[in-house]
Amino acid sequence: MTADVWLPIPPDEIEGLPEGPDYRFWNGAEDFPADPADCAFYVVPYMKPSPLCVRPLGRMSNVRVVQTLSAGIDHVEPGLGHLPAGVRLCNARGVHEASTGELTLALILASLRGIPDFVRAQDRGEWLGGFRPALADKNVLIVGYGSIGEAIEDRLVPFEVARVARVARSERTTARGPVHPLTELPALLPEADVVILSTPLTETTRGLAGADFLSRMKDGALLVNVARGPVVDTKALLAELESGRITAALDVTDPEPLAREHPLWRAPGVLISPHVGGPTSAFLPRAKRLLVDQVRRYVNREPLRNVILTTGASTD
């Protein structure tokens with residue numbers, strides 16, 4: 001039985017790892033730390049390009065677990081076809097909720113209250129007064145109500161919003177109220193003052209916020225994307241921004257990173273942060289706790305957390 005565990009964090013910096021496996025540190029270096037065929041548990045480097053993350057997968061003939069440190073798995077999906085059947089792919093549910101929830105609220109508040117304008121005015125030595133919208137009394141729509149969507153709503157509660165509507169792939173009921181299916185989006189969009197995208201990137205959600213979606217948003221509404229860039233049709237968004245009808249706050253873009261000359265940088269009414277929802281001081285403690293728990297479960301043959309799919313399993 002292969003026993004190597006590849007970690008993108010030096011193993012001596014992770015307290016509590018169980019004894020037994022041989023821990024190998026690999027965070028995307030050109031040289032692999034050992035033979036990939038001996039790897040049983042592969043933790044994907046964090047915030048690295050997809051080609052780098054999937055590079056060893058074709059040689060990991062004995063791997064049993066692939067663990068991401070991101071909520072999304074789209075960056076490893078291109079390499080899954082190289083894996084043997086029975087490999088469990090796990091995401092990092094529980095790691096990014098706090099920091100992504102914080103950033104979502106920061107983007108909303110900064111956009112509504114005009115913080116970017118104040119910063120530019122400060123650079124000019126200008127006292128820029130005026131009347132600005134508040135988050136209080138707004139209707140908010142969260143599209144993608146997984147653990148991050150729930151964390152965002154947790155942080156909305158103190159701001160006295162009028163209503164939170166929730167949308168996910170499938171309909172269900174929560175303690176806070178109903179979660180609507182994606183099919184109800186057309187009816188919900190015109191009612192929302194703030195639309196938050198926190199959905200995974202899948203074939204269903206790619207281009208979800210396209211021309212029809214955006215046209216259904218009410219005049220003056222704010223679109224916030226903390227999901228993945230391709231969830232939004234950039235060309236359609238640019239058209240709406242340039243008309244001045246809606247505004248946007250984007251932590252992710254398509255393409256990403258944006259080239260210096262990309263028109264999205266200069267579009268009116270847009271605030272852009274460079275995909276910083278996850279990488280904060282909250283990341284490492286939570287990532288380490290997840291890895292210790294998952295490796296312990298693997299070593300003890302206990303059920304793993306956050307299993308998104310198993311290679312070779314039927315999707316019917």
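**Salt bridges and helix α2 in a predicted model**

At 40% relative accessibility, R176 counts as partly exposed, and this residue is one member of a charged pair described below. The structure is a predicted model, and a search of the whole of it finds 17 salt bridges. The points that follow take up several of these contacts, and then turn to helix α2 and the residue just after it.

**Salt bridges that link separate parts of the chain**

- R176 pairs with D154 in a salt bridge, in which the closest N and O atoms are 2.6 Å apart.
- This pair links distant parts of the chain, since D154 belongs to helix α4 (residues 147-156) whereas R176 sits in the loop between β8 (172-174) and β9 (177-181), 22 residues apart.
- D154, like its partner, counts as partly exposed, with a relative accessibility of 41%.
- A salt bridge also joins the side chains of R132 and D117, with an N to O distance of 3.2 Å.
- Because R132 lies in the loop between α3 (115-124) and β6 (139-143) while D117 lies in helix α3, the pair ties together parts that are 15 residues apart in sequence.
- R132 is partly exposed, with a relative accessible area of 28%, and D117 is also partly exposed, with a value of 31%.

**A salt bridge within helix α6, and a network**

- R216 and D212 form a salt bridge whose closest N and O atoms are 3.1 Å apart.
- Both residues of this pair lie in helix α6 (residues 211-216), where R216 and D212 are four residues apart, or about one turn of the helix.
- An α-helix has 3.6 residues a turn, so residues three or four places apart point the same way.
- R216 counts as partly exposed at 33% relative accessibility, and D212 is partly exposed as well, with a relative accessible area of 46%.
- Elsewhere, D293, R296, R297, E302 and R305 are joined into one network by salt bridges that share partners.

**Helix α2 and the residue after it**

- Helix α2 (residues 97-113) has 17 residues and reaches 24 Å from its first C-alpha to its last, which is close to the 24 Å expected at 1.5 Å a residue.
- Twelve of the 17 residues of α2 are buried, so this helix is largely enclosed by the rest of the structure.
- The buried residues of α2 include E97, S99 and T100, and also among them are L103, L105, L107, I108 and L112.
- Just after α2, G114 takes a positive phi of about 75°.

Technical notes
Residues numbered from 1 in each chain as written. Predicted model: local features only at pLDDT ≥ 70, side-chain atom pairs only at ≥ 80, totals over all residues. Heavy atoms only, no water. Salt bridge = Lys/Arg side-chain N within 4 Å of Asp/Glu carboxyl O. Helix = DSSP H or I, 4+ residues; strand = E, 2+ residues; numbered from the N terminus. Buried < 20%, exposed > 50% of the residue type's maximum accessible area, 1.4 Å probe, protein only. Expected span 1.5 Å × (residues − 1).
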